[in-house]
Amino acid sequence: MKDGFMILVLILVMITPMFPFLLKSKCPNCKKRKLEHLDTEQRGDGRKRTYITNYHCHACGEDFEQNKSGPLVPIKKQALVAEEQASTKTESPALAKTV
Ligand SMILES: [Zn+2]
């Protein structure tokens, strides 16, 4: 009886530091608490400087990024938008003049 109680206390002591990891952020794609905080990176400079936090969902495998405390945005969609912007930039007449 006493041994059983001691084991219960030991389990509680071992689990307590893991609580922040158990309470993970909710994934906007599959609504499961499987989001893992990967890293925070600094983008841009001067007034446009911002901090992007990267997340990975272990349930659906989707990657997300968060601009400061803004909404979680899937990285795949962001990359497509960036590609579109890059292609329009290369086709701009201003750049054609310099070449
Ligand atoms: Zn997910």
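These exercises work through the fold of a predicted model.

**Exercise 1. Lay out the chain. How many helices and strands does the protein chain have, and what pattern do they follow along the sequence?**

Step 1. Count the elements. The protein chain has four helices and four strands.

Step 2. Read them along the sequence. The pattern is α-α-β-β-β-β-α-α.

Step 3. Add the burial figure. Of the 99 residues, 6% count as buried.

Step 4. Turn to contacts between residues at least 6 apart in sequence. Of these, 23% join residues at least 24 apart.

**Exercise 2. Build the sheet. In what order do the four strands stand, and which strands are at the edges?**

Step 1. Begin with strand 1, residues 35-43. Strand 1 runs antiparallel to strand 2, and eight bridges join them. Two pairs serve as landmarks. Glu36 stands opposite His56 in strand 2. Glu41 has Ile52 of strand 2 as its bridge partner.

Step 2. Move to strand 2, residues 50-57, and strand 3, residues 63-67. They pair in the antiparallel sense over five bridges. Asn54 stands opposite Glu65 in strand 3. His56 stands opposite Asp63 in strand 3.

Step 3. Finish with strand 4, residues 72-74. Three bridges join strand 3 to strand 4, again antiparallel. Glu65 stands opposite Val73 in strand 4. Phe64 has Pro74 of strand 4 as its bridge partner.

Step 4. Assemble the order. The four strands form an open sheet, 1-2-3-4, with antiparallel pairing. Strand 1 and strand 4 each have a single partner strand, so they stand at the edges, with one side of each left without a neighbour in the sheet. From one strand to the next, the twist averages 30 degrees.

Step 5. Follow single residues across the sheet. His56 faces Glu36 of strand 1 and Asp63 of strand 3. Glu65 faces Asn54 of strand 2 and Val73 of strand 4.

**Exercise 3. Inspect the turns. Which residues in the hairpins take a positive phi?**

Step 1. Take the hairpin of strand 1 and strand 2. Six residues lie between the strands, and Gly44 has a positive phi near 75 degrees.

Step 2. Take the hairpin of strand 2 and strand 3. Five residues separate the strands, and Gly61 in the turn has a positive phi of about 80 degrees.

Step 3. Take the hairpin of strand 3 and strand 4. Four residues lie between the strands, and Lys68 in the turn has a positive phi of about 50 degrees.

Step 4. Set these against the general trend. Most residues other than glycine have a negative phi. Lys68 is not a glycine, yet its phi is positive. With 9 C-beta neighbours inside 10 Å, Lys68 counts as exposed.

Step 5. Look outside the hairpins. Lys31 is also not a glycine, and its phi is positive, about 65 degrees. Lys31 sits in the loop between helix 2 (19-22) and strand 1. Lys31 is exposed, with 10 other C-beta atoms within 10 Å.

**Exercise 4. Find the core. Which residues make up the largest nonpolar core, and what does Tyr55 contact?**

Step 1. List the members. The largest nonpolar core has six residues: Cys27, Leu35, Tyr55, Cys57, Phe64 and Leu72.

Step 2. Place some of them on the sheet. Leu35 falls in strand 1. Tyr55 and Cys57 fall in strand 2, and Phe64 in strand 3. Leu72 falls in strand 4.

Step 3. Trace the contacts of Tyr55, leaving aside neighbours within four places in sequence. They are Ser25, Leu35, Glu36, His37, Leu38, Phe64, Gln66 and Leu72.

Step 4. Cross-check with the core list. Leu35, Phe64 and Leu72 are among the contacts of Tyr55, and they are also core members.

**Exercise 5. Characterise Cys60. Is this residue buried or exposed, and which residues does it contact?**

Step 1. Locate the residue. Cys60 lies in the loop between strand 2 and strand 3.

Step 2. Apply the cut-off. A residue is exposed if 12 or fewer other C-beta atoms lie within 10 Å. Cys60 has 11, so it is exposed.

Step 3. List the contacts, leaving aside neighbours within four places in sequence. Cys60 touches Cys27, Asn29 and Cys30. One of these, Cys27, belongs to the largest nonpolar core.

Step 4. Add a distance. Cys60 and Asn29 are 31 residues apart along the chain, and their C-alpha atoms are separated by 7.7 Å.

Key: Residues are numbered from 1 along each chain as its sequence is written. This is a predicted model: local features need pLDDT of at least 70, side-chain atom pairs count only at pLDDT 80 or more; totals for chains, interfaces and linings use all residues. A nonpolar core is a set of buried Ala, Val, Leu, Ile, Met, Phe, Trp, Tyr and Cys residues joined through C-beta atoms within 7 Å. A residue is buried if 20 or more other C-beta atoms lie within 10 Å of its own, exposed if 12 or fewer, and partly exposed in between; C-beta atoms are placed from the backbone. Two residues are in contact if their C-beta atoms, placed from the backbone, lie within 7 Å. Two strands pair if DSSP finds at least two bridges between them. Helices (H or I, at least four residues) and strands (E, at least two) are DSSP runs, numbered from the N terminus. Axes are lines fitted to C-alpha atoms, for helices over the stretch in contact, and angles run from 0 to 180 degrees between N-to-C directions.
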